[in-house]
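Work through the exercises below with the sequence and the structure side by side, and try each task before reading its solution.

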Amino acid sequence: MDAVAAEVPEKLTVDLGTETGPFHGGASGTLYGLYGDGVPSRAVVEGMYVRTVTTKAQDGVQHPGGDALEILPSFVAAGGRDVYVYLPDFYRGFPYEWPGATGAERLAGFQEIVRRQVGHVLTLGELKSHVVYVPFNEPEGNMFGDGEWSYDGVSWRSDPSHYFAAWKETYHLIKGLDSEARIAGPNTSLLYPEVRGFLEFAKEQGVLPDVITWHELSSPAEVRTSVAKYREWERELGIGPLPVNLNEYAHNYHLSVPGQMVQWIAAIEESKVDADLAYWNIAGNLNDSAVEVGKGNGQWWLFNAYGRMSGNTVRITAPHPNVQYTLQGVAALDRVKRQARVLFGGQGGAADLAFEGVDTDVFGTTAHLRLEEIPWTGQVGPCDRPLRLRDIELAVVDGRVTLPLTDLDAMSAYQVTVSPSGNGAVPLPPSVAWRRTYEAEDATYTGGGYSKNGPEGSPSAVDRFATSGGYHVGGLRTGSDGVLAFDVEVPQDGTYDLRVYANSHNQADLVRDQGPTNVFLRVDGESPRELLLPLGYKWAVWGHSGTELRLAAGQHRITLAAQDPDLGVTKGDAVVDRLDLALRDGDGPALYDAEYADLRDGARISHAHLGASGPGTAVLPRGGTATFWIHADDDGEATVTVDRLGPGEGVLAVDGEEVARVEDGAAALFLTGGINKVTVTGTSERLVLDRLRVGPSRGLLPSTAYAAEGGVLTGAAKVIAYPYATGGKAVDGIGGGPGNGLTLTVTADRAGRHALTIRYSNGEQAPATHYNPDPVCRHADIAVNGAAPHRVLFPTTFHFNAFRTRTVPVTLRAGANTITFTADELPGFDGEPGNGLGQRSAYAPVVDRVVVTPLAGER
């Protein structure tokens with residue numbers, strides 16, 4: 001009996017008949033996740049549905065970037081709600097190094113900084129309503145703890161008198177300057193029992209926070225427990241209910257891993273609070289969600305799916321309720337859309353997803369279910385849109401539908417979308433026909449220098465990074481003769497996508513000079529090619545490098561080597577985590593059904609149109625919108641077709657730029673590499689939108705490349721040799737003053753909007769005070785035809801010999817145009833010079849080349 005019972009799949013039950021409140025969306029907050037306007041890109045921020053940001057005080061020196069009032073306007077424009085300002089992060093160090101000989105002197109100096117911050121905010125007009133002040137951060141370990149930088153060397157948890165007095169004074173200072181200001185606290189590192197005493201004091205003195213904040217660097221189970229405990233204190237004390245923000249949550253082992261993060265999301269959403277992802281690594285990448293400037297990894301797609309939920313959440317019963325590292329989930333039902341969405345994950349193998357309370361008035365007697373996988377792609381590994389695994393129609397029997405699941409990956413999250421069926425749509429096949437993962441620690445290594453490294457992150461080591469299989473392999477480095485061989489077997493002849501998950505620490509001895517580590521790939525000893533493996537900010541920070549392989553059915557040996565007789569030798573030092581192979585399912589376009597899009601301004605779902613590609617359509621009134629989040633592998637032309645039913649009219653916009661009218665036939669559009677926000681807006685009384693099809697380039701957008709070394713250089717700008725630049729050369733020394741610049745003359749076939757795709761590198765990094773590496777965004781002031789320059793930030797590429805692209809839309813006239821790059825140190829909010837700690841670069845990135853492409857083709 002025990003053996004039989006062990007084979008029964010666990011069951012995750014979604015009760016669509018029991019609603020638990022309006023969908024909140026609060027888990028999509030970020031601590032130091034935004035560096036500045038454009039880093040990460042507007043589309044990446046919008047598409048992650050970031051609700052709250054916690055960041056440093058304006059002009060603070062805790063870390064580079066993330067200055068509260070510099071990120072505020074673009075964040076609000078991207079749909080963000082609130083920016084929480086960590087006022088002590090004006091200071092350096094952690095614990096905070098606030099100057100003064102006595103506690104009273106330190107507090108007086110701090111309050112002058114607070115006064116200055118509020119004064120800055122008062123100049124912002126309507127934007128100031130989005131600011132929330134956080135006067136103290138983790139006071140028990142910082143300003144009111146027992147360390148050397150404490151007010152008096154006594155923890156407030158033992159004697160709260162000085163902390164309570166400082167809270168009251170600072171509260172009145174802020175409210176006295178701005179009576180409408182919102183203040184958050186106590187911002188402890190967890191919900192200590194003493195927080196209840198803080199609440200009693202604050203109520204009695206009339207200084208209750210407007211938002212209650214603490215950190216949950218614990219587990220999803222503690223999220224539920226702590227929020228419930230706090231709500232009980234409110235009832236006991238007769239306060240609130242007040243908004244709650246758990247403004248630091250999750251650990252290194254969880255971040256970037258969809259199967260881990262969906263468990264946190266489920267607990268936070270169930271608790272109906274806001275929460276911000278913890279900042280363990282670098283600023284400006286949405287806490288290991290964004291890659292480069294405009295790409296998303298698997299975690300980004302998880303939050304994209306979470307943010308597109310709507311309606312009311314419903315009760316979900318896990319096989320092991322509130323137990324981390326098991327199957328957990330969150331679900332929502334939108335009765336108006338006639339759509340339910342479930343996000344789940346955390347366990348591998350088989351499981352049953354059981355729906356109960358399925359209302360046939362909403363879904364009919366047959367339900368359409370689409371199952372998608374959101375895979376782990378590493379901290380710095382871009383991810384295409386979620387993988388479609390199954391499109392299936394199931395009968396609703398006694399209000400129940402069960403979807404059996406097999407081959408679940410514990411590192412992946414999964415989404416099931418439930419819709420009515422019956423319009424005759426043909427279920428779509430899986431988006432990938434076959435795939436396999438091969439762990440590096442299971443591969444065969446020959447030669448010297450081998451190391452098996454690990455274990456890395458685990459439930460008992462949450463400070464370390466998640467790693468596939470827990471281990472990785474080293475040995476491919478400068479001077480090595482190592483060969484790592486993977487024996488694979490593929491089911492049929494075809495073109496396979498290969499990904500090597502790997503890492504080189506950008507500050508490692510053998511990497512610091514060279515940049516990306518090069519290795520050599522062969523299949524069955526033939527077809528040599530060179531791969532550049534990804535750089536990261538620490539060891540075991542995973543990205544991936546890929547290529548296409550044409551393989552015959554059967555067995556093959558794929559090798560990664562540090563030497564190749566035809567191509568050369570490895571320079572650098574890399575570790576390899578795993579190798580992935582996937583069989584392409586043809587070369588057809590990517591399909592985006594409109595009924596799964598983000599619908600706004602009166603757009604609605606209809607299931608009444610026969611001939612639709614999926615279970616429904618989107619019906620757009622005049623001004624109604626359907627927004628699609630579309631991934632492109634690289635910057636360049638794509639073929640975009642809007643499939644509609646009937647004669648309705650509309651316009652198509654990419655990242656806010658109107659580029660085409662909705663017409664029969666395909667449009668040639670420029671898409672940036674990574675995440676693109678593509679919006680269809682109705683311009684007639686009724687536009688019935690079926691889907692978008694996104695295919696490869698047809699060569700209709702003329703692109704012209706211009707080498708930076710061919711431009712006019714002024715001042716200190718100069719041509720430098722960089723092995724991985726195009727042609728081995730690029731321009732350095734732009735900036736440090738407007739006299740040091742680069743000017744290119746580019747030609748446009750016609751006047752209008754164009755994409756300026758800049759291939760650049762940036763390895764600048766400021767000295768850090770603790771565990772966060774502090775790479776610095778450089779910037780360029782880009783002027784077109786002598787007009788006022790536009791400032792553009794360029795995030796780190798982790799090395800000056802590692803090149804990435806950044807696309808900027810510009811308006812060009814027909815014929816010749818001048819593009820000038822300059823830079824100077826960015827001033828503070830009040831226009832004063834920078835902070836003197838190397839956190840505001842005076843320089844533009846190294847510029848390799850510029851490619852000019854129209855944003856859209858002529859139709």
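## Exercises on a helix, a core and the domains

Helix α6 is followed by G206, whose phi is positive, near 70 degrees. The model is a predicted one, and the exercises begin with the helix that precedes this glycine.

**Exercise 1.** Work out whether the length of helix α6 (residues 194-205) agrees with the expected span at 1.5 Å a residue.

*Solution.* Step one is to note that α6 has 12 residues. Step two uses the rule that the expected span is 1.5 Å times one less than the number of residues, which gives 16 Å for this helix. Step three is to compare that value with the distance between the end C-alpha atoms of α6, which is 17 Å, so the two agree.

**Exercise 2.** Find which residues of α6 are buried, and state how they are placed around the helix axis.

*Solution.* Taking buried to mean under 20% relative accessible area, the buried residues in α6 are V195, F198, L199, F201 and A202. Because they cover an arc of only 165 degrees around the axis, they lie on the same side of α6. The elements that cover these buried residues include α5 (161-177), β6 (182-188), β7 (211-216) and α7 (220-237).

**Exercise 3.** Locate the largest nonpolar core and explain why it lies between two domains.

*Solution.* The largest nonpolar core has 116 residues, and those with the most contacts inside it are F110, L199, Y230, Y249 and L343. Domain 1 (24-76 + 121-301) and domain 4 (704-854) both give residues to this core, so the core lies between them. A second, separate core has 35 residues, including A597, F628, L669 and L692. To look at one residue of the larger core, take F110, which, leaving aside neighbours within four places in sequence, is in contact with L87, P88, Y91, W98, P135, F136 and M143.

**Exercise 4.** Determine whether Q299 is buried or exposed, and list what it touches.

*Solution.* Q299 has its place in helix α9 (residues 298-307). With a relative accessible area of 0%, Q299 is buried. Not counting residues up to four places away in sequence, Q299 touches H254, L255, S256, V257, P258, M261, L277, L286, N287, D288 and S289.

**Exercise 5.** Describe the span that UniProt annotates as "domain: CBM6".

*Solution.* The UniProt record, an unreviewed entry, places this feature at residues 436-582. In the model, residues 436-582 are 3% helix and 56% strand, and their end C-alpha atoms lie 7 Å apart. The domain assignment, for its part, gives domain 2 as 434-583.

Methods: Residues numbered from 1 in each chain as written. Predicted model: local features only at pLDDT ≥ 70, side-chain atom pairs only at ≥ 80, totals over all residues. Heavy atoms only, no water. Helix = DSSP H or I, 4+ residues; strand = E, 2+ residues; numbered from the N terminus. Buried < 20%, exposed > 50% of the residue type's maximum accessible area, 1.4 Å probe, protein only. Contact = heavy atoms within 4.5 Å. Arc of directions from axis to C-beta. UniProt positions renumbered as here; feature names shortened; annotations may be inferred. Core = buried A, V, L, I, M, F, W, Y, C linked by side-chain atoms within 4.5 Å. Domains from an automatic or database assignment.
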